[in-house]
Amino acid sequence: MALLENIQIEKGSAFPLGVARTGKDQIQITVWSPKAADCRLCIYRQGKRLDKIKMYSMEKEGLEDIFSILLSGKNIQKKLDGLEYDFLSDGKRLQDVYARAVSGREKFGKKKGKVRARFAFHEFDWSGENRRRLKKDEMVLYQCHVRGFTKHASSGVKAPGTFSGLREKIPYLKELGVNTLFLLPVYEFNEHMEDVNEKGEKKINYWGYTKDAFYFAPKAGYTTPGENACKEFQQMVYALHQNGMNLILDMYFSGQTPGFILQCLRYYALYFHVDGFRINQDCMDISWFHADPVLSHLMLLGNGWQECPEEAGGGKLYEMNDGFLVDARRYLKSDEGQVGNFYYRFREQKQGIGVIHYITQNNGFTLRDLISYDVKHNEANGEKNQDGTEYNYSWNCGVEGPTRRKPVLRMREKQEKNAFVMLLLGMAVPMLLAGDEFGNSQKGNNNAYCQDNRTTWLDWNLLEKNKNTFDFVKKLLLFRKTNPLYHTGKNLTGMDSRGLGAPDVSCHGREPWETDFSYYSRELGILYYGSYFGKESLYFAFNFHWDSHEFYLPAVDAEQKWKIVLDTSGEKQKEIHNGRYRMAPRSIAVFESICSRSEKSDRK
């Protein structure tokens, strides 16, 4: 018992569960072991047991299967900090599900000794953080895997695959124009799966969606060797906030109680200053969050929410599902009957909640693969290509996979630009998948959940190779940031509610004011009337037919003219003749109105 010399051991309280500092030089340890008669705390240093201490049962409180002790003494935190611990309950090993640090998983994909909880009493100085929660009209999400983002040698960071490595890339994210990082699970999940591939090798759970996890502990495998996981995660969050960015965590719960889930989320909000979460909605009730004094102030992403008054949603609820992904992909590949669906998605807004759109995410094709493969190629997963969705709504532009054929490459470049315009210039909050902005590919794998290798690690060499793609995305995000259309703070109604001469948003075909939602139509025009957002009008023309078509641009103001903002066709700059513009096959053009001086003065 040399470790606990001069340390007083007495009965603790029933709550909170886990390890807690209850005062200066006081540590309480409490665990629930259902139907157990006895429980002992075991303390280790590098796997070697140092002490085994009998814990007190809460019998008098009527909680006889809750066990607790209170350790008091000078420098008790310093003595325990970094040591491992578990419990011996009725002869069986029991782990602390509330552990804030874990040993044995310091290297991703490799176990090192027994996996045990570890004492961690780190404090962090948040002064100067300058945290600001972004509004929905400001947000641009970037979905990212901590390890895969910088693990490739080409990332050029000091600690690849870690929270620190990601922190080094913040200037890059700012240059691109994203401001909200959306991370796949960063808690201590078990990446070692029981499933085996065709070779009999056990698989790696790369994404982290598993119920076998220590939810309160940041993942040691995402930490610089020898560093404190909590501290390194906090340093990353601090740097994001200093740069005006927000952080949302993807949390996957399975079988946990409401009390556990709420306590875990509060912990990340208070101890790590996280700005929001995506939760699998089958495990929770939204009323819990509305009634919680901490969580009610955070962003909450879910598959879908009921529309509600703005004050009820508070601008903190966000709908995130595959609706836009399916409709945008089908329209992009020129499927029949998609014009009406895409018009609704492109202008989609909901009362009291935010809407998040994405055309790719971690589960499925990357954007480069979406335009390069007709079918999935998941052979490397070891499941005979039986895993992953069959419904990709993709088009390879004429050749399956990599090619040098110039017509195919030109078509892919155009389709890639089309996809970015559809995603980034719609009214909903856009989300990019990390690497799409410079042509990242997973070689046709649409279910890379078990690939911890170059398949999922971003190859940063592609940034220089596809600099034009990066610059195009950057240009679109700057346009979104600076154009008043996206920052009105009000939902568009599709009506002329203020009597200004035209609806705030309206739908057109090749002819102005003549919508064509017929089954074989592939042409669409969308007008945003500038008088409703204090600037010149914007007109989006979509031609996803395989033939060129002439579009007549609407005239909504006297002496108004249109100028071309962009055209994804890649053709030499074309002219507008007498209000008409010839749209190339499978292309998008964006126009901005030019008003006379008198009209501009009237608007001011």
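**Exercise 1. State how many helices and strands the protein chain contains, and judge its overall dimensions against a compact globule.**

Solution. The protein chain holds 15 helices and 30 strands, where helices (H or I, at least four residues) and strands (E, at least two) are DSSP runs numbered from the N terminus. The model is a predicted one, in which local features need pLDDT of at least 70 and side-chain atom pairs count only at pLDDT 80 or more, whereas totals for chains, interfaces and linings use all residues. Residues are numbered from 1 along each chain as its sequence is written, and side-chain values use heavy atoms, with hydrogens and water left out.

Next, take the radius of gyration, computed over C-alpha atoms and compared with a globule rule of 2.2 Å times the number of residues to the power 0.38. Because a compact globule of 604 residues would have a value near 25 Å, the 28 Å of the protein chain agrees with that expectation. The C-alpha trace spans about 90 × 55 × 40 Å along its principal axes. Finally, 57% of the 604 residues are buried, that is, under 20% relative accessible area with a 1.4 Å probe and protein chains only.

**Exercise 2. Determine which strands close into a barrel, and describe how strand 22 and strand 23 pair.**

Solution. Begin with the strand order: 8 strands close into a barrel as 12-13-18-19-20-21-22-23, with parallel pairing, two strands being paired if DSSP finds at least two bridges between them. Neighbouring strands of this sheet are turned by 25° against each other on average, direction ignored.

Then turn to strand 22 (residues 354-357) and strand 23 (residues 429-433), which pair in the parallel sense over 2 bridges. Within strand 23, P430 stands opposite H357. Helix 12 (residues 406-424) packs on the sheet and touches both strand 22 and strand 23, contact meaning heavy atoms within 4.5 Å. The direction of helix 12 makes about 140° with that of strand 23, where axes are lines fitted to C-alpha atoms, for helices over the stretch in contact, and angles run from 0 to 180 degrees between N-to-C directions.

**Exercise 3. Describe how helix 9 and helix 12 cross, and identify which residues make the contact.**

Solution. First, the axes of helix 9 (residues 323-332) and helix 12 come within 11 Å and cross at roughly 140°. Second, the contact is made by F324, A328, Y331 and L332 of helix 9, together with Q415, N418, A419, M422 and L423 of helix 12.

**Exercise 4. Locate M411 and list what M411 touches.**

Solution. M411 is found in helix 12. Leaving aside residues up to four places away in sequence, M411 touches W395, C397 and R586.

Notes. Buried means under 20% relative accessible area, exposed over 50%, partly exposed in between (1.4 Å probe, protein chains only).
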